[in-house]
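The exercises below are to be worked with the sequence and the model side by side. Each task is followed by a solution in steps.

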Amino acid sequence: MAVVVGRCAFWRACRVHAVDADRACRVTYLCTRPGCVPDKVSACSRLSGGVAATRRYSSDSSKEELRVRYLDGEDAGIVVLGINRPKAKNSISKNLVKLMFEAVESIKKNNKVRTVILGSLVPGVFCAGADLKERAKMHQSEVGPFVSKARSLITELGNLPVPVIAAVDGAALGGGLEMALACDIRIASNTAKMGLVETKLAIIPGAGGTQRLPRLIGVSLAKELIFAARVLDGKEAHGVGLVNHSVEQNDSGDAAYLRALELAREINPQGPVAVRMAKLAINQGIEVDLSTGLAIEEACYAQVIPTKDRLEGLAAFKEKRSPHYKGE
């Protein structure tokens with residue numbers, strides 16, 4: 001019961017626009033326990049004018065394997081991507097890759113988005129890596145192109161112009177951890193399990209793990225973890241610098257998500273153009289020598305000088321009020 005209530009809290013925070021009313025009502029299965037039904041049903045009734053029907057947590061609909069929610073109100077600008085493949089432990093399939101590509105492309109084109117949270121709707125699991133059952137059915141000639149497409153997806157996720165926060169409330173193994181590594185910030189519950197375990201299957205990480213992990217925690221330690229296929233819990237992951245924060249898991253099973261939402265709310269009020277330029281400067285600068293990096297920083301700084309937001313920031317400081325940035 002606690003887990004279901006937790007997922008209700010997860011999506012109560014994810015209010016949607018009226019144009020998405022039908023999809024909003026389809027997630028009412030998250031709130032089928034006492035104390036949850038009235039809130040979600042009334043929300044759907046307000047959006048669609050009817051009484052919302054409930055459904056079971058599990059779904060066979062391929063379109064529901066990824067839930068995309070644009071928050072509103074004070075949380076406008078935050079987008080939550082919730083992976084939802086309960087029967088497959090959120091493993092990465094062809095369909096999930098397709099849906100995530102679509103979501104990433106949509107976010108990339110939306111200048112109103114300020115922060116993205118990548119999480120899970122499946123209790124105890126972030127992403128268990130590649131869908132090995134689907135992989136086993138692939139012809140050998142199909143494996144390479146699929147891995148290449150998954151690698152491209154993870155790269156595109158990391159290249160989103162806004163901050164991306166991974167909320168790891170469960171197992172993030174293999175490709176699942178590689179997905180989290182591509183995010184700008186990682187938050188894990190202390191009960192999370194994280195590891196690049198590919199060598200157990202006589203393969204290697206193929207979606208950026210051998211490159212991103214050493215850059216994050218150091219070459220020698222990354223080698224040890226990858227060679228031994230070692231799995232760390234959230235607290236251990238924080239100790240080696242794999243995650244920014246490790247939080248005590250709550251009874252609802254969504255502690256990492258709630259902490260990620262808090263962080264997104266800290267980022268949202270800042271100048272959106274400035275945040276985008278800061279991310280670009282850091283991401284590009286870290287890959288080059290200091291002199292080149294400073295030139296990249298200068299070029300990014302030049303992009304914020306002519307913005308209306310910069311003038312608004314100065315005016316707000318002078319008038320001792322909170323700034324109201326529009327991303328212009």
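**Exercise 1. The four-stranded sheet**

Task: Find which residue of β8 stands opposite Leu173, then place both strands in their sheet and find the helix that lies across it.

Solution. The model is a predicted one.
Step 1. The residue opposite Leu173 is Gly195 in β8.
Step 2. Strand β6 (residues 171–173) and strand β8 (residues 193–195) run parallel and are joined by three bridges.
Step 3. Both strands belong to an open sheet of four strands with mixed pairing, in the order β4-β6-β8-β9.
Step 4. At the edges stand β4 (125–127) and β9 (232–233); each has a single partner strand, so one side of each is left without a neighbour in the sheet.
Step 5. Helix α7 (residues 175–182) lies across β4, β6 and β8. The angle between α7 and β6 is about 95 degrees.

**Exercise 2. The six-stranded sheet**

Task: State the strand order of the open sheet of six strands, name its edges, and describe the helix that packs on it.

Solution.
Step 1. The order is β1-β2-β3-β5-β7-β10, and the pairing is mixed.
Step 2. β1 (66–70) and β10 (245–247) are the edge strands, each pairing on one side only.
Step 3. From one strand to the next, the twist averages 20 degrees.
Step 4. Helix α11 (residues 255–267) packs on this sheet and touches β2 (78–83), β3, β5, β7 and β10. The direction of α11 makes about 160 degrees with that of β5.

**Exercise 3. Strand β5**

Task: Work out which strands pair with β5, and decide whether its residues are buried or exposed.

Solution.
Step 1. On one pairing, β5 runs parallel to strand β3 (residues 115–120), with three bridges between them. Ile117 stands opposite Ile165 here.
Step 2. The pairing of β5 with strand β7 (residues 185–189) is also parallel and has four bridges. In this pair Ala166 faces Arg186 of β7, and Ala167 stands opposite Ile187.
Step 3. In a regular strand, side chains alternate between the two faces of the sheet. In β5, Val164, Ala166 and Val168 point one way, while Ile165 and Ala167 point the other way.
Step 4. Buried here means a relative accessible area under 20%. Five of the five residues of β5 (residues 164–168) are buried, so the strand is largely enclosed by the rest of the structure.

**Exercise 4. Nonpolar cores**

Task: Identify the residues with the most contacts inside the largest nonpolar core, and the helix that supplies its largest share.

Solution.
Step 1. In soluble globular proteins, nonpolar side chains tend to be buried together.
Step 2. The largest core has 48 residues, and Leu66, Leu81, Val116, Leu118, Val168, Met194 and Leu242 have the most contacts inside it.
Step 3. Helix α4 (residues 94–108) gives eight residues, the largest share of this core.
Step 4. A second core, separate from this one, has 16 residues, including Ile78, Ala256, Ala260 and Leu261.
Step 5. Across the chain, buried residues make up 48% of the 328 residues.

**Exercise 5. Cysteines**

Task: How many disulfides does the model contain, and are Cys127 and Cys183 buried or exposed?

Solution.
Step 1. A disulfide is counted when two cysteine sulfur atoms lie within 2.5 Å. The count comes to zero.
Step 2. Cys127 has a relative accessible area of 0% and is therefore buried.
Step 3. Cys183, at 4%, is buried too.

**Exercise 6. Positive phi**

Task: Ala202 and Lys320 have a positive phi. Find where each is placed, and decide whether each is buried or exposed.

Solution.
Step 1. Most residues other than glycine have a negative phi. The phi of Ala202 is about 65 degrees, and that of Lys320 is about 55 degrees.
Step 2. Ala202 is in the loop between β8 and α8 (209–217). Lys320 is in the segment after α14 (308–319).
Step 3. The cut-off for exposed is over 50% relative accessible area. Ala202, at 72%, therefore counts as exposed, and Lys320, at 80%, counts as exposed.

Conventions:
Residues numbered from 1 in each chain as written. Predicted model: local features only at pLDDT ≥ 70, side-chain atom pairs only at ≥ 80, totals over all residues. Heavy atoms only, no water. Core = buried A, V, L, I, M, F, W, Y, C linked by side-chain atoms within 4.5 Å. Buried < 20%, exposed > 50% of the residue type's maximum accessible area, 1.4 Å probe, protein only. Helix = DSSP H or I, 4+ residues; strand = E, 2+ residues; numbered from the N terminus. Pairing = 2+ DSSP bridges. Contact = heavy atoms within 4.5 Å. Axes fitted to C-alpha atoms, helices over the stretch in contact; angles between N-to-C directions.
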